[in-house]
Amino acid sequence: MTFSYNVNNKLQSNINFQSAGSKAAKLSEELTSNLTKRQRLLAKIIDLKEGDSGLSHTRFAQATITNWFPKAIFARSIADLSEVTFLEFFEGALFFYLPSLVGEYFSRRKVFNKALPKDLHGEVSKSVSDIVKAGGKNAQKLLPAKAAIVLSCAAIPAAEYALSFAKNLFTLKMFNQADFTSVANLDKQKSGEDNTKQEKVEKSAKSHLKKAGAFSFGAFALSLLLGTAGQKSKSVAKACEYFLNPGAKLYKGLEKFGVKNQKLEKFLNKYINLDFARKSDGSLALGNGQLAVTVISGVFGYFGAAKDRGKLDVQEVATRVPIIAAYTIFGSTLFDEGFKKILHNDRKHTEILKYDKKAQEYTVAALNDIPRIAREAVNGDEKLLKGKIQELFKGKAKIAMVPFFFSLGVVGALLSLVSRILTQYRYNHQQENKATKI
């Protein structure tokens with residue numbers, strides 16, 4: 001996952017409303033004391049879901065549960081279950097935690113801050129647009145430093161690409177299986193595997209792992225050069241501006257041809273942006289663009305590793321992975337926004353669900369704001385307060401959890417089941433064709 005990230009500060013928080021990703025405070029006593037035991041438990045889950053994690057905790061939980069749990073239920077063998085577990089948990093860590101660990105705690109704090117004046121250490125996390133607007137010598141220093149941090153994290157998408165090959169190697173060493181029909185337990189009568197194929201899978205896996213390592217090392221070496229020497233050149237700083245936020249430059253180019261569309265501009269700045277997100281404390285975190293780059297690199301890795309293990313593996317990957325990838329990058333957000341739009345248009349939960357016309361986004365009341373909103377709604381009547389708090393909380397729970405269960409049930413479980421049924425069907429059809437030819 002290398003890079004990306006453009007944060008809209010209005011998404012981070014405001015006094016009354018917040019989106020997932022804004023800082024979650026400790027649940028207030030006034031809220032919890034007016035909820036049932038089950039509601040308090042649900043409130044804690046929602047609070048964790050909307051915590052200040054720059055999307056990381058929320059998406060790690062969603063992706064892991066959505067991808068791993070259904071596959072685990074429908075696992076066809078111990079080898080299948082083991083490699084699913086290996087892949088999904090390592091993949092989740094790569095997607096949602098390494099950007100912060102590598103970008104913030106290592107590259108920024110331990111390496112590239114040392115090349116900047118002390119008074120600029122806290123400025124590195126500012127958005128590219130804010131740095132460019134401020135201009136001056138500081139921009140010339142900060143832009144190469146930001147680009148260097150991003151480049152130093154190239155190991156993350158490289159690791160995501162190589163992870164599927166590592167999974168193949170893991171399964172081969174642990175279970176002595178390299179053929180997908182063995183891993184998926186499609187051929188119940190099969191007693192052994194072709195040694196030549198096993199050698200091919202092992203050789204390919206090790207080769208791709210070495211290439212990913214070499215790429216990561218080269219990118220980090222280049223980042224060191226950029227972070228130290230790049231600050232001396234205005235042209236390098238300008239090039240870094242293009243590198244960090246290509247989406248903004250692309251939209252400016254489109255404007256010259258008469259294209260003016262606020263939604264397109266927002267999309268390009270959100271997903272075609274190689275900068276990090278900024279948490280409320282100023283530290284770096286995962287952004288949507290970073291997620292997109294990592295997911296895409298992972299898709300190529302999935303197909304490459306599947307090709308080594310056979311046609312059926314490629315077909316199963318083709319059935320499932322593109323849909324999961326698209327949903328991970330865009331779909332979860334689109335469904336969430338679409339669900340809020342439906343509720344808003346039907347005038348449901350209007351006391352806690354608002355639409356910001358300027359930012360063109362829906363905002364939902366924070367958990368701790370529910371008691372205040374309830375008190376205002378009942379004009380301070382203590383007899384009605386508890387019921388109103390529970391009513392508003394139920395609306396909050398619906399808005400927060402329906403998209404999550406859709407991800408789990410439809411995108412996760414149903415897609416996993418269908419892909420496995422199709423794989424078994426393809427295998428059976430393949431065997432029938434062989435028997436016919438004989």
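A residue counts as buried under 20% relative accessible area, as exposed over 50%, and as partly exposed in between. That scale applies at several stops of this tour, which concerns a predicted model.

**The whole chain**

Begin with the entire protein chain selected. Its secondary structure comprises 18 helices and five strands. Along the principal axes, the C-alpha atoms occupy a box of roughly 80 × 65 × 45 Å. The radius of gyration is 25 Å, which agrees with the value near 22 Å for a compact globule of 438 residues.

Colour the chain by accessibility next. Of the 438 residues, 50% are buried. The exposed surface amounts to about 21700 Å², and carbon and sulfur atoms supply 61% of that area. Among contacts with a separation of 6 or more, 75% join residues 24 or more positions apart.

Then display the charged side chains. The protein chain carries 66 positive and 40 negative charges, and the mean positions of the two sets are 3 Å apart.

**Helix 2**

Select Thr 32, which belongs to helix 2 (residues 29-32). Thr 32 has a relative accessible area of 17% and is therefore buried. With residues up to four places away in sequence set aside, Thr 32 touches Leu 27 and Arg 40.

**The aromatic pairs**

Show the aromatic rings throughout the model; a search of the whole structure yields 13 aromatic pairs. Take Tyr 161 and Phe 165: their ring centres are 5.6 Å apart and their planes stand at 50 degrees, so this pair is tilted. Both residues lie in helix 9 (residues 155-175), where a spacing of four residues separates Tyr 161 from Phe 165 by about one helical turn. The accessibility of the two partners can be inspected in turn. Tyr 161 is partly exposed at a relative accessible area of 26%, whereas Phe 165 is buried at 1%.

Proceed to Phe 335 and Phe 339. Here the ring centres are 6.4 Å apart and the planes stand at 0 degrees, so the pair is stacked. These two residues are four positions apart in helix 16 (residues 311-345), and about one helical turn separates Phe 335 from Phe 339. Phe 335 has 26% relative accessibility and therefore counts as partly exposed, while Phe 339 has 15% and counts as buried.

Keep Phe 335 and Phe 339 displayed and add Tyr 327 and Phe 406. Ring pairs link these four residues into a cluster.

**Two asparagines in loops**

Finally, turn to the backbone. Most residues other than glycine have a negative phi. Select Asn 176, in the loop between helix 9 and helix 10 (180-183). Although Asn 176 is not a glycine, its phi is positive, at about 55 degrees.

Asn 185 is the last selection, and its place is in the loop between helix 10 and helix 11 (195-229). Asn 185 is not a glycine either, yet it has a positive phi of about 55 degrees. With a relative accessible area of 27%, Asn 185 is partly exposed.

Technical notes:
Residues are numbered from 1 along each chain as its sequence is written. This is a predicted model: local features need pLDDT of at least 70, side-chain atom pairs count only at pLDDT 80 or more; totals for chains, interfaces and linings use all residues. Side-chain values use heavy atoms; hydrogens and water are left out. The radius of gyration is taken over C-alpha atoms; the globule rule is 2.2 Å times the number of residues to the power 0.38. Buried means under 20% relative accessible area, exposed over 50%, partly exposed in between (1.4 Å probe, protein chains only). Contact means heavy atoms within 4.5 Å. Accessible areas come from the Shrake-Rupley method with a 1.4 Å probe; for residues, only the protein chains shown count as cover. Lys and Arg count as positive and Asp and Glu as negative; His and the chain ends are not counted. The place of a charge is taken as NZ of Lys, CZ of Arg, CG of Asp or CD of Glu. Rings of Phe, Tyr and Trp (its six-membered ring) pair if their centres lie within 6.5 Å; planes under 30 degrees apart count as stacked, over 60 as edge-to-face and the rest as tilted.
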